[in-house]
Structure formats: structure tokens, C-alpha cells
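Trainee: Let's walk through this one piece by piece. I'll ask, and you show me how you get there.

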Amino acid sequence: MLEKRYFKIGEVCKIANIKPHVLRYWEKEFRDIRPERSLKNQRLYSKKSLERIIEIKNLLDKGYKLEAVKNLTKNNLSMREDKVRLFLLDLKSNLQRIRNLLE
């Protein structure tokens, strides 16, 4: 299925395991997942948008707040850079907890 060029909203929701209303909300919040429209005005998502949607879903599932994910997007960071940044934030938090335990 991932060899397709465009995906309809139902397909994207099934792949990403999200509800259509959530995806429509994300379209308003994230500039890089705005779908194209078919001649019948159906939403058509590119592979790149689908990958981004899955990344957003994964970050939210890990406990990151939507605002944090949005802020990373606003800074025009790639998803790899986002992952590194989130990893470093987690690491900093864990190191702070360890430091507090040692004191």
C-alpha cells in the first residue's frame, strides 16, 4: 500500500491509527500535512505527509504535548532533528533527576 503516490483520508487514518476528525484538526495545526484535493474534492495525502502524520502520532503516543510537537515544526526542523532535540531534552531531564538524587 505504501507504494501509492497519494492516500485518501480513510487510508491515512487506518495506517496512522487516528480518527478523521483528529487528522483534519492536525491539518490546521501543521503546515506540512495539508492535503491536495481531487477533482471530487477528496483529501489526498502524499507519502511525505503520511510519514509526517505517523511521526506526529508517534511523538504524541510517547507523551509529548501537541504544543511541543508544533513548536518543533515552527522552528523548521526536520523530523530527525526533532528526534535528536527531544532525545536531548529527555536526557537533560533524566540527568537532572539523577543529580537531585545524588545531592
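Trainee: Where is N17 placed?

Mentor: Start with the DSSP runs, numbered from the N terminus: helices are H or I over at least four residues, strands are E over at least two. N17 falls between two of those helices, and its place is the loop between α1 and α2 (20-29).

Trainee: How far can I trust the coordinates, and which helix has the lowest confidence?

Mentor: This is a predicted model, with residues numbered from 1 along each chain as its sequence is written. Local features need pLDDT of at least 70 and side-chain atom pairs 80 or more, while totals for chains, interfaces and linings use all residues, and side-chain values use heavy atoms, without hydrogens or water. The chain's mean pLDDT (the predictor's confidence in each residue, from 0 to 100) is 87, and 88% of its residues reach 70 or more. Confidence is highest in α1, at 96, and lowest, at a mean of 78, in helix α4 (residues 66-74).

Trainee: Back to N17: what is its phi?

Mentor: Most residues other than glycine have a negative phi. N17 isn't a glycine, yet its phi is positive, at about 60°.

Trainee: Which loop holds N41, another residue with positive phi?

Mentor: N41 is not glycine either, and its phi is near 70°. Look among the strands: N41 lies in the loop between β2 (36-37) and β3 (43-46).

Trainee: Is K48 buried or exposed?

Mentor: K48 sits in helix α3 (residues 47-61). Buried means under 20% relative accessible area, exposed over 50% and partly exposed in between (1.4 Å probe, protein chains only). K48 has 68% relative accessibility, so it counts as exposed.

Trainee: And S49, also in α3: buried or exposed?

Mentor: S49 touches D32, I33 and R34 (heavy atoms within 4.5 Å), leaving aside residues up to four places away in sequence. Its relative accessibility is 5%, so S49 counts as buried.

Trainee: How does α1 lie relative to α3?

Mentor: The axes of α1 (residues 9-16) and α3 come within 10 Å and cross at roughly 40°. Angles under 35 degrees count as roughly parallel, over 145 as roughly antiparallel, 65 to 115 as roughly perpendicular and the rest as oblique. Therefore, relative to α3, α1 is oblique.

Trainee: Which residues of α3 do V12, I15 and A16 meet?

Mentor: Those three belong to α1. Across from them in α3 are L50, I53, I54 and K57.

Terms used
Axes fitted to C-alpha atoms, helices over the stretch in contact; angles between N-to-C directions.
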